[in-house]
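Got your viewer open? Load the model, switch to cartoon, and let's take a walk through it.

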Amino acid sequence: MGKSSPVRDQVASAAVRTVNRLSRITRKGSGTVVGGRVGMKIAPDLVSSLARGRTVILVSGTNGKTTTTSMIVAGWGGPVTTNQTGANMPAGHVAALAASKEGRVALEVDEAWLADTLASTRPSVVTLLNLSRDQLDRANEVRHLAERWRKALEAQPDDDLVVVANANDPLVVYAGEVRSNTVWCDVPTSWLADALSCPKCTLAISHVGSAWHCVCGFAKPAHVFTTLGDELIVGGTSVDLELSMPGEFNRSNAAMALSALHCVGVDLDEAVRRINAIQSVVGRFSVRRWHGHVLRLLLAKNPSGFAAMMATLPQDGSDVWVAINARVADGHDPSWLYDVPFEMLRGHRVYCFGDRRLDLAARLDYGQVDFVVVDNDELVPTSKETISLLANYTAFSDWLARSEA
Amino acid sequence: MTTFCVLYPDLLGTYGDGGNGLAVTQRAVRRGLDAELVTVGLNDEVPDAALYLLGGGEDGPQRLAADLLRRSSFGSRVRDGAHVVAVCAGLQILGSTFCVEGDDEYEGLGLVDAVTSRGERRSVGEFATRVDGQLLVGFENHGGRTTLGGVDALGTVVKGRGNDGKLDGYRTKNIWATYAHGPVLAMNPWFTDVILSSVYGVELEPLTSVADALYQERCRVVSV
């Protein structure tokens with residue numbers, strides 16, 4: 001392949017933009033990935049050359065990547081290069097970096113691509129949110145991912161790389177502890193089902209309140225930089241976090257975003273004001289209309305995401321719609337439905353949508369949750385109330401496309 | 001009270017394996033049979049139970065689960081006739097040896113004459129096996145290749161890999177094991193009833209539920 005050549009990189013970068021523009025014009029695609037692929041064919045190390053000299057913040061983790069990245073973009077203020085459409089693998093990174101020369105860059109990164117992206121973008125900050133079971137047919141096992149993160153961080157040569165990491169997720173701590181300057185964030189983390197057995201020795205981790213430790217000595221980091229309880233404290237300073245978006249998990253995402261921004265010198269008061277104002281992120285939490293129904297669209301892709309999202313639902317016995325697909329982007333195996341604590345929905349009637357609505361219905365039935373399988377969308381009775389619709393990845397995209405603002 | 005016991009879901013519960021305990025319990029309770037579901041954690045003793053359920057897990061946790069079970073009363077209870085449903089890593093643990101990271105011959109519980117070596121590649125995808133003429137459908141995701149000694153396979157593979165591309169799992173008079181992971185019992189109500197019938201020692205009344213429609217749909221998909 002040879003070394004990076006400036007001319008070849010310029011050609012490649014122009015190709016990325018042209019192909020993506022064509023893709024959008026011809027409506028063949030969303031215009032983010034195909035151009036990136038073309039560019040990397042011409043210049044395999046295009047991510048490196050496009051990222052060189054810029055201030056890069058990476059965000060990875062099972063849940064909250066897109067939201068946290070959006071919070072970083074908003075909080076930074078002004079133009080920021082980013083991959084907002086969820087194209088979070090190298091082709092998407094190339095597309096984002098080729099589309100804008102802005103020196104400030106915030107990229108979300110697929111968990112499995114973190115090592116490559118660390119090496120190619122040489123970021124100032126990498127933000128590690130959480131790790132839990134997700135799309136196991138593709139990613140195989142979550143502990144394996146934690147191991148790969150750890151090795152990637154160990155291998156990263158830049159001493160000034162700052163890791164901003166969740167101190168309450170043992171798998172994240174396992175990865176982040178290899179760096180001496182990790183900025184630990186003590187943020188509420190409700191899903192611990194994948195970290196009950198120690199990532200170091202496999203024995204049981206004891207969780208007492210928000211503290212945790214294993215008999216082998218592996219434990220929650222003693223010195224945390226950021227603490228989120230009723231109040232958010234970043235580096236000893238109280239920050240006025242009053243999000244417009246719902247959910248405890250979004251407060252955790254915001255605390256991590258602010259910690260990352262603090263590491264690149266952004267003023268926290270200004271950043272939090274801009275983050276507080278965010279109403280929705282690529283349709284998530286937005287209120288939409290469809291056939292006389294008013295729907296609040298909630299994205300939930302895996303057990304921890306569902307648990308967090310179900311905790312935000314009103315406890316009024318209202319109808320809940322859930323849509324489940326198992327296409328490529330969702331993972332082909334919907335077994336994870338049995339890891340979702342759907343019992344939380346007892347007292348609601350749940351309408352089951354999506355390609356895998358029967359899998360969902362069976363899961364709800366075994367969990368003694370009232371359900372209706374919707375084979376014909378038009379027969380669903382309308383109501384004046386706003387209905388919460390929880391959907392996994394491609395099902396969410398379908399509902400976003402078929403509904404109106 | 002008839003106890004169904006899910007063993008170490010903290011270690012062996014990677015792919016929705018909790019669905020199996022839920023399905024057997026619900027199908028018993030809905031017929032008016034007495035049934036309780038208990039879960040054994042890492043620091044718990046293995047209780048007396050009519051049926052034990054073992055799920056799948058990653059290498060480290062699988063090794064620890066095998067060690068914990070070896071030290072527990074589980075083996076003697078199974079030899080005394082307690083029933084077991086084991087999937088994936090659980091299937092491997094009950095055998096003589098299996099392989100985990102760093103060890104190609106980790107000692108299993110030796111309850112079944114089955115040896116698991118590393119497969120050439122990981123087996124991931126829709127899965128179906130024919131058991132006594134009926135399809136058992138599900139999803140597999142494992143890296144093992146299991147060779148059976150003096151024990152019957154559970155079924156012959158229709159789609160996917162199973163033990164070796166031909167046979168799947170194994171069965172004895174009180175043990176059923178398959179590579180169809182996670183909620184295989186939830187998706188295959190007829191198979192759950194075979195197990196319940198054996199556990200209770202009675203013929204069961206038919207029971208309809210939405211899982212019947214799910215099973216029919218999955219059978220159609222794997223038969224295409």
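Select residues 357–366 of chain A: that's helix α13 in this predicted model. Helix α13 lies across three strands of chain A, namely β14 (320–323), β15 (349–353) and β16. Turn the view until α13 and β16 are both in sight; the helix runs at about 160° to β16(A).

Now hide the helix and look at the sheet underneath. Which order do the strands take? Reading across chain A, you pass β12-β13-β17-β14-β15-β16. That's an open sheet of six strands with mixed pairing. Its edges are β12 (287–290) and β16 (370–373) of chain A, each pairing on one side only. Tip the sheet a little to see the twist, which averages 30° from one strand to the next.

Next, pick out β13 (residues 293–299) and β17 (residues 386–391) in chain A. These two run parallel, and six bridges join them. For a single spot to zoom in on, try A:Leu299: its bridge partner in β17(A) is A:Ala391.

Time to zoom out and show all of chain A. Colour by secondary structure and you'll have 14 helices and 17 strands to look through. Along its principal axes, the C-alpha trace spans about 60 × 60 × 40 Å. The radius of gyration of chain A is 21 Å, which agrees with the value near 22 Å for a compact globule of 405 residues.

Last stop, the inside: buried residues make up 52% of the 405 in chain A. And among contacts in chain A with a separation of 6 or more, 69% come from residues 24 or more positions apart.

Definitions and conventions:
Residues are numbered from 1 along each chain as its sequence is written. Chains are lettered from A and ligands numbered from 1 in the order in which they are written. This is a predicted model: local features need pLDDT of at least 70, side-chain atom pairs count only at pLDDT 80 or more; totals for chains, interfaces and linings use all residues. Two strands pair if DSSP finds at least two bridges between them. Helices (H or I, at least four residues) and strands (E, at least two) are DSSP runs, numbered from the N terminus. Axes are lines fitted to C-alpha atoms, for helices over the stretch in contact, and angles run from 0 to 180 degrees between N-to-C directions. Two residues are in contact if their C-beta atoms, placed from the backbone, lie within 7 Å. The radius of gyration is taken over C-alpha atoms; the globule rule is 2.2 Å times the number of residues to the power 0.38. A residue is buried if 20 or more other C-beta atoms lie within 10 Å of its own, exposed if 12 or fewer, and partly exposed in between; C-beta atoms are placed from the backbone.
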